[in-house]
Amino acid sequence: MKFKKKIITLLALISVVAGFGIAHNSVSTVQAKTNTTTFPKKMRGTWYAYFNKKKILKKTFTKNKEITYDTKGKHIRYLHKQPKVFPESSKKNRNWIYRSETTKVKGHTWYGINRITMQPDSTGEYYSVAKLKGNSVLGYAIAHGDTFESEDVHWYRSPKLAKKFKKTHYKDFDFKIVYNLD
């Protein structure tokens, strides 16, 4: 009889511990999926690209901003949660963007970014960060309907690296390759 009580107690304890572990795990998974108001940590920081005949471009990602510097000054886009109903375009929201889907292409994770006034099926931008040839590289791509093509510009952590690798091509991460997202 004592042996039977010990087994029942042990099984009850295992059930409680397993139930707590499953409940705890599912909560953290849901929280991770719904937190779309921040850029991934590996994307944050300043990036440089060599573009068109000796021109270095600069782009900075913070927790919830994308800042692009060019000859006309700096342009800031603010990351917001994806709306359920898309508002009319206004001065207030013209610089708003949201993280849309995340997709994997040729082993690399690409993060979708859309403007606040775009419908979900419109063309979107995608960014991916990879460690290639020993350096962190920020890739940029555009989705056109059901195709996905990366661009000819790669971004690096310093202007020196951007200039050094200006014509470098990366297998499975490179430019002008069209992927079918289906």
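A charge is taken to sit over a ring if NZ of Lys or CZ of Arg is within 6 Å of the ring centre and within 35 degrees of the ring normal. The close-up views below are drawn from a predicted model.

**View 1. Charged ends over the rings of Y69 and W47.** The charged end of K58 is placed over the ring of Y69, at 4.7 Å from the ring centre. A second arrangement of this kind involves R157, whose charged end lies over the ring of W47, 3.8 Å from its centre.

**View 2. The aromatic pair F39 and F61.** A pair of aromatic rings is described by the distance of the centres and the angle of the planes. A search of the whole structure yields five aromatic pairs. In the pair of F39 and F61, the ring centres are 5.0 Å apart and the planes stand at 70 degrees, so the geometry is edge-to-face. F39 belongs to the loop between α1 (2-34) and β1 (45-51), whereas F61 belongs to strand β2 (residues 55-61); the pair therefore ties together parts that are 22 residues apart in sequence. Both F39 and F61 are buried.

**View 3. The aromatic pair Y127 and Y140.** The rings of Y127 and Y140 form a tilted pair, with 5.2 Å from centre to centre and 55 degrees between the planes. Because Y127 lies in strand β7 and Y140 in strand β8 (residues 135-144), this pair ties together parts that are 13 residues apart in sequence. Y127 has a relative accessibility of 1% and so counts as buried. Ring pairs link Y127 and Y140 with F39 and F61 into a cluster.

**View 4. The surroundings of E125 in strand β7.** E125 is located in strand β7, which spans residues 124-132. Its relative accessible area is 16%, and E125 is therefore buried, the cut-off being under 20%. The side chains of E125 and R77 are joined by a polar contact of 2.9 Å. When neighbours within four places in sequence are left aside, the residues in contact with E125 are R77, Y111, G112, I113, N114, Y140 and A141.

**View 5. The backbone at K133.** K133 is found in the loop between β7 and β8. Most residues other than glycine have a negative phi. The phi of K133, a residue other than glycine, is positive, with a value near 50 degrees. K133 counts as exposed because its relative accessibility is 61%, the cut-off being over 50%.

Definitions and conventions:
Residues are numbered from 1 along each chain as its sequence is written. This is a predicted model: local features need pLDDT of at least 70, side-chain atom pairs count only at pLDDT 80 or more; totals for chains, interfaces and linings use all residues. Side-chain values use heavy atoms; hydrogens and water are left out. Helices (H or I, at least four residues) and strands (E, at least two) are DSSP runs, numbered from the N terminus. Buried means under 20% relative accessible area, exposed over 50%, partly exposed in between (1.4 Å probe, protein chains only). A polar contact is a pair of N or O atoms within 3.5 Å; within protein, one must be able to donate a hydrogen and the other to accept it, and residues adjacent in sequence count only if both atoms are side-chain atoms. Contact means heavy atoms within 4.5 Å. Rings of Phe, Tyr and Trp (its six-membered ring) pair if their centres lie within 6.5 Å; planes under 30 degrees apart count as stacked, over 60 as edge-to-face and the rest as tilted.
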